[in-house]
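Biologist: Please show me the chain. I have some questions about how it packs.

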Amino acid sequence: MPVTPQPGEVEQKAIRILVLTSSTGTGHDRRAYAFKEWVAQSHDAEVSVRVEHILENSSAITRFGVWVYNVIQLRCPWLHNIYWWVAEGFGILQGAGLNAGGTYYRQCLETFKPTLIFSVHDSTNRGYFETARAVLGPQVKCVTYCGEYSGGFGYSRIWYSAAVDRFYSRNREAEAHAKSLGLQAEKSRIFSNFLPPAFFEHAAIQETPRDIRTKTLGLSPDRFTLFLATGGQGAANHIHLLDALDVMADRLQIIVVCGRNQKLYDATLAWKATHRLTLHIEGYSTRMPELLTASDVVIARGGANLTTEALYMGCPILFEARGGLMPQERLTVNYFCKKGAGKFAMTNRGLIHQLREWLDRPDEFAILRERFRALRQDDHPDQFINELVALARI
């Protein structure tokens with residue numbers, strides 16, 4: 001597949017950052033494009049950013065791997081406990097020469113001539129940094145942002161490359177695991193709130209949950225409000241959970257987001273027409289900060305990016321794992337549950353039981369909410385962006 005310039009790349013700016021990502025799930029892309037937004041706001045005059053879906057674009061083998069990942073996530077999440085080992089082994093075997101996709105990647109490097117390579121995906125570190133140095137020379141800088149919340153099974157060894165110049169972890173627990181893989185302390189940094197500008201803009205407005213529920217969503221101002229979330233691919237099966245929640249129609253109201261899954265969106269609208277539960281339904285939502293602010297609890301799988309969004313907006317999570325828990329999700333679920341700041345259920349019955357406990361014992365829910373909010377960090381992307389731009393200048 002030939003490399004073609006992206007919009008805005010005709011003129012070469014002094015600093016050029018190539019962001020390596022892939023659409024396995026949603027979180028990697030969300031971080032990649034959040035980075036591009038922040039750079040455009042503060043450094044547009046001197047920095048060009050190219051977001052490259054390198055796994056999808058560079059090789060039929062890696063493109064097939066991405067497709068398998070997303071099909072498993074949608075259809076049978078527990079299979080990721082097997083597929084994870086396959087992906088892990090493939091990433092290790094790729095080697096410094098990039099046996100799959102190396103030709104396309106080298107063309108990207110020769111065309112764009114980045115001064116910094118920024119990886120936001122576990123499979124775009126090993127081999128990619130070494131190849132960049134071979135093509136462009138030792139002066140090119142290489143940076144990884146790892147969004148995992150803790151270490152252990154599910155934390156891929158291929159997040160870490162010995163060729164990295166700067167490695168950012170989400171928190172101290174994840175940083176400790178990266179160091180156990182060989183990361184040197186002088187290369188390590190912590191940054192938590194890797195979110196788009198919209199989250200910080202909304203936080204500055206300070207809208208109350210009551211205002212958003214009544215003025216924007218047409219919901220009751222005081223009823224306990226759930227948020228059923230899903231990734232951009234719409235992998236969650238909301239209908240089965242809504243069937244179970246319908247018995248609590250007099251105690252709950254629900255915000256439902258369906259992602260880019262038109263079939264799920266249509267089915268949810270049809271369900272609403274024949275049931276008692278009060279629902280507000282959206283497809284792929286661009287106003288996540290508002291929806292999280294309006295909610296008391298978000299029910300979601302353990303995706304690191306949605307979890308960070310909920311944490312920043314102060315909305316506790318009831319983690320669900322219908323269909324099985326994926327290895328990467330374990331890292332997030334373990335982090336919050338071990339700190340008493342989250343709950344976890346594998347069945348609809350378990351989710352209903354936990355919600356009833358919180359509704360019947362509001363003091364217990366208030367304690368969990370405060371523990372959850374206490375884990376929120378106050379770092380800001382401006383500092384993170386400035387650090388990377390300064391590194392690219394060296």
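Biologist: Start with Phe-227: is it buried or exposed, and at what relative accessibility?

Modeller: This is a predicted model, in which local features need pLDDT of at least 70, side-chain atom pairs count only at pLDDT 80 or more, and totals for chains, interfaces and linings use all residues. Residues are numbered from 1 along each chain as its sequence is written, and side-chain values use heavy atoms, with hydrogens and water left out. Buried means under 20% relative accessible area, exposed over 50%, and partly exposed in between (1.4 Å probe, protein chains only). Phe-227 therefore counts as buried, at 0%.

Biologist: In which strand is Phe-227 found?

Modeller: Helices (H or I, at least four residues) and strands (E, at least two) are DSSP runs, numbered from the N terminus. Phe-227 falls in the run of residues 224–228, strand S7.

Biologist: Which residues is Phe-227 in contact with, leaving aside neighbours within four places in sequence?

Modeller: Contact means heavy atoms within 4.5 Å. One partner is Val-257; it is 30 residues away along the chain, with a C-alpha separation of 7.9 Å. The full set is Ile-255, Val-257, Met-288, Leu-291, Leu-292, Ser-295, Val-297, Val-298 and Ile-299.

Biologist: Which residues touch the most other members of the largest nonpolar core?

Modeller: A nonpolar core is a set of buried Ala, Val, Leu, Ile, Met, Phe, Trp, Tyr and Cys residues joined through side-chain atoms within 4.5 Å. The largest one has 59 residues. Those touching the most other members are Phe-35, Phe-118 and Phe-384.

Biologist: Where does Leu-20 lie, and which residues is it in contact with beyond four places in sequence?

Modeller: Leu-20 lies in strand S1, residues 15–21. At 0% relative accessibility, Leu-20 counts as buried. Phe-118 is in contact with Leu-20, and also with Phe-35 and Phe-384, among others. The partners of Leu-20 are Glu-52, Ile-54, Tyr-105, Ile-117, Phe-118, Ser-119, Val-120, His-121, Thr-124 and Tyr-128.

Biologist: At what angle do H1 and H17 pack?

Modeller: Two packed helices are described by the angle between their axes and the distance between the axes. Axes are lines fitted to C-alpha atoms, for helices over the stretch in contact, and angles run from 0 to 180 degrees between N-to-C directions. The axes of H1 and H17 are 10 Å apart. The angle is about 80°.

Biologist: Which residues make that contact of H1 and H17?

Modeller: By class, the contact of H1 with H17 has seven nonpolar, one polar and one charged residue. Ala, Val, Leu, Ile, Met, Phe, Trp, Tyr, Cys and Pro count as nonpolar, Asp, Glu, Lys and Arg as charged, and the others, Gly among them, as polar. H1 gives Phe-35, Trp-38, Val-39 and Ser-42, and H17 gives Pro-381, Asp-382, Phe-384, Ile-385 and Leu-388.

Biologist: Are H1 and H8 roughly parallel or roughly perpendicular?

Modeller: H1 (residues 27–42) and H8 (residues 197–205) pack at about 70°, with axes 9 Å apart. Angles under 35 degrees count as roughly parallel, over 145 as roughly antiparallel, 65 to 115 as roughly perpendicular and the rest as oblique. H1 and H8 are therefore roughly perpendicular.

Biologist: Which residues of H8 are buried?

Modeller: H1 is among the helices that cover them, as are H9, H12, H13 and H17. In the contact with H1, H8 uses Pro-197, Phe-199, Phe-200 and Glu-201. The buried residues of H8 are Pro-197, Phe-199, Phe-200 and His-202.

Biologist: How many residues of H13 are buried?

Modeller: H13 is mostly covered. Just after H13, Gly-314 takes a positive phi of about 75°. The buried count in H13 is ten of ten.

Biologist: What is the phi of Lys-113?

Modeller: Most residues other than glycine have a negative phi. Lys-113 has a positive value. It sits in the loop between helix H5 (102–112) and strand S3 (116–119), and is partly exposed at 45% relative accessibility. Its phi is near 50°.

Biologist: Which backbone nitrogen does the side chain of Ser-59 reach?

Modeller: Ser-59 is in the loop between helix H2 (54–58) and helix H3 (60–75). Ser-59 is buried, with a relative accessible area of 10%. At 3.1 Å, its side chain reaches the backbone nitrogen of Ile-61.

Notes:
Polar contact = N/O pair within 3.5 Å; in protein donor to acceptor, adjacent residues only side chain to side chain.
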